[in-house]
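Reader: I am new to this structure. Could you show it to me and take me through the reasoning behind its descriptions?

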Amino acid sequence: MSRTGDGQGGGGAPPTRRRAPLSSVFETGRGARIYPYLLVLPAFVIVLGVVLYPVVAGIVASFQDLTLRTLSRGTVSFVGLRNFERMWADPVFWTALRNTGLWVGANVVAQMVLGLALALLLNQRVRGLGFFRAGILLPWVVPSVVAVLTWRWMYDPSVGIVNEMLVRTGLLQEYFPILGDVRTALWAVTVESIWKGTPFVMLLLLAALQMIPRSVTEAAQMDGARGWRMLVFIVLPQIRLAFAIAMILTLILTVNNFNAIWLMTAGGPLNSSEILFTLAYRYGFERMNLGLASAVATVLFVFLVVVTTVYLYLIRLRDEG
Amino acid sequence: MFKATRRLLSAAACALGLWSAAAQADTITFWVNAPMAPNPAAPIYEEIRAFEARTGHKVNLQPIPFQELEQRLFVALGGGAGPDVMAIDTAWMAAFADAGVLADLSERTRPVAAQYQPGPLASGRYKGRQYGLPWYTNNVALFVNNDMLKAAGYSAPPKNWAEFRAVAKAMRALGPDKYGLTMGSGRFGVFQLYSFIWQNGGELIEESGRVRVGEPAVAEAFALFSDMYRIDKSIPDTVLTAQSWDEVFAPFIQGRAGMVISGDWTIGSIRRGAPNLNYTIAPLPVGVRPATVIGGFNITVNAKSKSPAAAAELALFLTGPRSVEAMRKADRLSAQASATTPEALAALPANQRPFMAQAAFGRPRPNVPIWAEVHSSILAPAWDASLRGLMTPQAAVQKAAAEINAQMK
């Protein structure tokens with residue numbers, strides 16, 4: 001049989017040519033250049049629809065007169081900065097802003113310090129430590145609504161165990177309405193939030209601690225580093241990226257922690273535990289003014305973006321330095 | 001062949017009839033407050049089945065927790081969607097009607113208007129048009145623990161403010177964990193106050209829009225209860241934290257508080273929490289005049305319903321003459337006029353009669369679109385501030401009046 005394939009000499013059938021698969025379009029040239037983008041496209045569309053569109057729509061809404069009335073009558077209109085002016089003119093907004101600062105500050109500092117302390121404790125090779133690691137994770141795995149309502153009962157002014165413990169230890173003379181007093185409501189919710197969020201920070205930092213090469217710590221020990229010096233000059237620099245990530249995540253999760261405040265105190269009494277997130281909810285679903293609610297949400301969004309960007313920039317500067 | 005043709009024509013006629021019936025039968029979605037549909041044995045399901053049998057329409061009943069109902073309606077209706085028929089609190093009528101999300105039922109209601117009690121029917125009206133039909137009406141009365149009343153040395157529930165305060169003090173003296181009255185914080189507490197504001201000759205917002213919240217009569221009503229808490233200590237500290245009706249009722253159900261000001265929705269909670277509790281429901285103690293806040297739920301139709309005729313039919317059916325018996329089974333008071341005849345009153349369960357007895361003194365809350373905000377964000381904080389002694393009652397109500405005036409503008 002001729003192998004020349006030119007049809008000459010011999011009279012055999014020409015060799016069949018295999019068709020190139022469709023995917024070969026993406027192996028060379030323009031196809032190869034756009035292939036990665038095509039693979040990312042479905043995820044991008046989802047992110048666009050579920051993340052980017054709502055954020056942009058929310059920001060746009062903050063410049064509109066968006067109430068049930070205007071929505072149902074189709075008279076939604078652009079009102080410029082009017083929603084922001086109303087928000088700034090409301091004394092409750094400034095109270096909520098101050099409370100948000102206190103709420104976030106106390107949560108982030110306490111969760112980072114306690115989380116680091118627990119991670120250092122659990123980063124030991126001691127028998128039975130697995131049991132304690134699992135136990136410390138319990139607050140984090142309990143659903144947030146269950147946790148908040150349980151703490152609400154613990155704080156009950158008539159039958160709450162927190163009051164009972166405080167009275168028995170002599171710190172209080174009699175039961176005290178912890179969630180009903182303007183001086184203590186916010187801090188009481190903060191305690192629950194710290195209890196709930198610390199295990200997550202502990203997990204992140206513990207994983208980072210376990211990634212520190214032993215050679216680094218052994219070398220430092222040979223040079224005489226012990227205790228605080230080991231922690232400050234060797235351990236913390238090694239886990240600074242994980243620390244930064246944990247801090248940013250804790251900040252974001254705390255700012256967005258609606259359940260704890262709303263279910264325990266609904267922002268009361270007298271707005272003493274109101275944060276910007278619960279205020280946005282009130283504007284939206286009590287005043288039925290989505291434009292005003294979106295103005296508060298926009299302020300929160302901008303704050304989070306600025307803080308996160310600045311912080312990560314500082315971390316990167318330090319790395320490069 | 002003739003027989004075959006006849007059979008074929010009969011079959012075709014049946015199919016056409018079935019198709020026509022199916023084409024005229026609508027499926028309606030009905031949102032109802034969850035306490036009215038706690039389980040499949042609830043009377044509302046029987047009413048729905050009767051409606052479906054009578055009309056051929058299908059009803060998709062969805063119970064929604066009361067605390068979520070207003071927000072979910074806002075989101076759904078604001079988005080142009082939502083159920084065809086919805087049960088809404090009378091206090092929300094003005095806001096939803098003003099927003100244009102409720103269908104105007106004036107023409108359909110006119111022939112049957114005389115069937116309804118005038119007060120509840122008026123609660124479904126906004127700017128002269130009928131947007132809701134009264135389903136059930138309620139008011140608040142005084143629930144009294146008979147054992148604690150007797151132990152405090154009284155044989156009958158208090159009839160006026162002075163007796164009310166004295167009975168509460170006497171109940172407080174029964175023990176360190178005994179109190180005279182349980183109340184709510186924030187919007188729950190201020191709701192309980194409204195009856196006493198009107199009893200004292202005060203007003204909240206007149207129909208003309210004039211705000212009278214800042215007047216001394218209102219401050220005196222605030223002072224009665226804040227003094228009972230701060231001076232007499234006859235209200236437990238749960239008044240500072242109770243954010244739901246269950247939390248308000250809890251001390252009464254536990255036998256720690258001797259009285260609670262509430263409506264017929266309390267009866268089911270007591271039955272579940274303390275079925276053997278020995279209590280009486282009495283008309284509210286009287287101030288310079290008798291008064292009680294009326295509430296209840298209206299049945300309304302979505303202005304954008306795709307089945308407006310069927311939806312209106314359901315609204316009329318649920319609020320019609322059958323509602324007298326249906327509401328009796330649900331421990332509620334029908335808003336039908338026939339529910340107030342002597343025979344109907346005599347047929348009422350004993351625990352419903354005190355509510356009916358004071359129905360003539362019922363006052364609705366102000367019919368203004370911003371009422372939800374006034375109630376939750378202005379009057380509720382005024383109550384909280386007065387209760388804690390952070391402001392005097394007079395200062396608290398005057399501040400509230402200024403804020404309401406600013407919002408009304």
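Author: Happy to! Domain bounds here come from an automatic or database domain assignment. The model itself is predicted. With those bounds, the C-alpha centres of domain 1 of chain B and domain 2 of chain B lie 27 Å apart.

Reader: Which residues make up domain 1 and domain 2 of chain B?
Author: Domain 1 takes in 26-138 and 294-363, while domain 2 takes in 141-293 and 366-408. Where they touch, 23 residues from domain 1 of chain B and 27 residues from domain 2 of chain B take part in the contact, which here means heavy atoms within 4.5 Å.

Reader: What helices and strands does chain B have?
Author: Chain B contains 18 helices and 13 strands.

Reader: Why is chain B called as compact as a globular protein of that length?
Author: Set its radius of gyration, 24 Å, against the globule rule, which gives 22 Å for 409 residues. The two values are close, so the description fits. Along its principal axes, the C-alpha trace of chain B spans about 95 × 50 × 35 Å.

Reader: What makes a residue count as buried, and how many of the residues in chain B are buried?
Author: A residue is buried when its relative accessible area is under 20%. In chain B, 56% of the 409 residues are buried.

Reader: What supplies the area that chain B exposes?
Author: Chain B exposes about 16,800 Å², and carbon and sulfur atoms supply 57% of it.

Reader: How far apart are the mean positions of the positive and negative charges of chain B?
Author: For its 39 positive and 32 negative charges, the mean positions are 5 Å apart.

Technical notes:
Residues numbered from 1 in each chain as written. Chains lettered and ligands numbered in written order. Predicted model: local features only at pLDDT ≥ 70, side-chain atom pairs only at ≥ 80, totals over all residues. Heavy atoms only, no water. Helix = DSSP H or I, 4+ residues; strand = E, 2+ residues; numbered from the N terminus. Rg over C-alpha atoms; globule rule 2.2 N^0.38 Å. Buried < 20%, exposed > 50% of the residue type's maximum accessible area, 1.4 Å probe, protein only. Areas by Shrake-Rupley, 256 points an atom, 1.4 Å probe, with all protein chains shown as cover. Lys, Arg positive; Asp, Glu negative; His and termini not counted. Charge placed at Lys NZ, Arg CZ, Asp CG, Glu CD.
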